[in-house]
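Welcome to a short set of exercises. Keep the viewer open, try each task by yourself, and then compare your route with the worked solution.

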Amino acid sequence: MILQSNNLVKKYMSKTAVNGITLDIEAGKVYALLGPNGSGKTTWMKMVAGLVKPTSGTITYKGISIGIESKSKIAYMSTEPFFYNYMTVKDVGKYYKDFFSDFDEKRYEELIERMELSMKDKAKSLSSGMAAKLKIAATMARKAELYMLDEPLNGIDIIARERIITTILEVTGEEATLIISSHLVDELEKIIDNAIFVKKGTIAMNGEAEELRLAHGKSIVELYKEVYA
Ligand SMILES: Nc1ncnc2c1ncn2[C@@H]1O[C@H](COP(=O)(O)OP(=O)(O)OP(=O)(O)O)[C@@H](O)[C@H]1O
């Protein structure tokens with residue numbers, strides 16, 4: 001087990017965003033973190049990334065509480081923009097390199113090319129889809145152990161999505177662990193090992209994708225519709 005979330009709770013005033021999530025994440029697997037808007041996916045990821053403090057419960061990464069050590073091994077891509085308008089794509093790479101010692105410039109160059117972006121592009125001139133690709137490239141250029149991508153496919157056209165998913169899987173290799181949050185279930189169905197269904201801050205269903213399909217005689221897409229109907 002690489003990551004353990006034990007009865008994790010996050011309350012904002014009267015709002016409970018995460019209401020007791022217990023999860024074990026295994027190394028080398030690809031997880032889909034599924035759920036409709038407001039179900040608590042982002043809040044859970046932010047707690048794992050060490051950006052939001054849990055109200056109660058514990059999270060350990062390789063047996064140690066989330067902190068400086070885990071932050072250096074976990075690459076988290078938030079839904080929020082992370083670069084400034086005046087930056088070029090190249091500047092974004094430099095900016096990231098300053099923050100993360102595991103940032104691999106060569107890998108960044110390769111990713112920028114695969115995303116069909118140019119180092120000279122100005123961040124402010126990018127379309128929202130291009131900016132989304134840039135964010136993925138910067139995150140995946142880190143040689144992290146665990147990648148957590150919050151809604152990476154949002155704003156990316158349907159043709160590019162499949163290619164981007166393939167790129168993500170190729171660049172991380174077999175050993176890395178991936179947690180991808182999305183409501184675009186059909187795009188993830190083919191590539192995931194495990195599916196986690198989050199509903200109103202709790203886990204509604206969780207397991208190996210193939211086992212879930214066999215046990216219920218349904219695809220993950222069909223299960224998604226059933227869980228959130
Ligand atoms: N900083 C905050 N202050 C108050 N409430 C918050 C805050 N962050 C999240 N929430 C609330 O917690 C709940 C869970 O939000 P969260 O962003 O984790 O959901 P999500 O599953 O990621 O949704 P989406 O798919 O829309 O991104 C929502 O009801 C949201 O309004």
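**Exercise 1. Find out how well strand β9 is covered, and follow the chain into the strand it forms a hairpin with.**

Step 1. Start with burial: five of the six residues of β9 are buried, which leaves this strand mostly covered. Keep in mind that you are looking at a predicted model.

Step 2. Now look for the partner. Strand β10 (residues 202-208) runs antiparallel to β9, and six bridges join the two. One pair to display is Lys-199 with its bridge partner Thr-202 in β10.

Step 3. Finish at the turn. The hairpin of β9 and β10 has two residues between the strands, and Lys-200 takes a positive phi near 45° there.

**Exercise 2. Decide whether strand β3 is enclosed or open, and identify strands that pair with it.**

Step 1. Count buried residues, where buried requires 20 or more other C-beta atoms within 10 Å. In β3 (residues 30-34) five of the five residues pass, so the strand is largely enclosed by the rest of the structure.

Step 2. Check each face separately. Val-30, Ala-32 and Leu-34 lie on one side, Tyr-31 and Leu-33 on the other, and both faces are covered.

Step 3. Turn to the pairing. With strand β8 (residues 177-182), β3 pairs in the parallel sense over five bridges; here Leu-33 stands opposite Ser-181.

Step 4. β3 also pairs with β9 (residues 194-199), again in the parallel sense, over four bridges. Ala-32 has Ala-195 of β9 as its bridge partner.

**Exercise 3. Work out the strand order of the open four-stranded sheet, and locate the helix that packs on it.**

Step 1. Trace the order: β2-β1-β4-β5, with antiparallel pairing.

Step 2. Pick out the edges. β2 (15-25) and β5 (64-65) each pair on one side only, which marks them as the edge strands.

Step 3. Zoom in on the β5 edge. Two bridges link β5 to β4 (residues 56-61) in the antiparallel sense, and Thr-60 has Ser-65 in β5 as a bridge partner.

Step 4. Add the helix. α1 (residues 41-48) packs on this sheet and touches β1 (3-12), β2 and β4, while its direction makes about 120° with that of β1.

**Exercise 4. Classify the packing of helices α5 and α6, and describe the residues in their contact.**

Step 1. Get the geometry. α5 (residues 128-140) and α6 (residues 158-172) pack at an angle of about 10°, and their axes are 11 Å apart.

Step 2. Apply the cut-off: angles under 35 degrees count as roughly parallel. Therefore α5 is roughly parallel to α6.

Step 3. List the contact residues. α5 supplies Lys-133, Ile-136 and Met-140, and α6 supplies Ile-164, Ile-168, Val-171 and Thr-172.

Step 4. Sort them by character: five are nonpolar, one is polar and one is charged.

**Exercise 5. Judge the chain as a whole: how does its radius of gyration compare with the globule rule?**

Step 1. Take the inventory, which is nine helices and ten strands.

Step 2. Compare the radii. The chain has a radius of gyration of 17 Å, close to the 17 Å that the globule rule gives for 229 residues, so it is as compact as a globular protein of that length.

Step 3. Add the extents: the C-alpha trace spans about 50 × 35 × 35 Å along its principal axes.

Step 4. Round off with burial and contacts. Of the 229 residues, 38% count as buried. Among contacts between residues at least 6 apart in sequence, 69% join residues at least 24 apart.

Conventions:
Residues numbered from 1 in each chain as written. Predicted model: local features only at pLDDT ≥ 70, side-chain atom pairs only at ≥ 80, totals over all residues. Axes fitted to C-alpha atoms, helices over the stretch in contact; angles between N-to-C directions. Parallel < 35°, antiparallel > 145°, perpendicular 65-115°, else oblique. Contact = placed C-beta atoms within 7 Å. Nonpolar A, V, L, I, M, F, W, Y, C, P; charged D, E, K, R; others polar. Pairing = 2+ DSSP bridges. Buried ≥ 20, exposed ≤ 12 C-beta atoms within 10 Å, placed from the backbone. Rg over C-alpha atoms; globule rule 2.2 N^0.38 Å.
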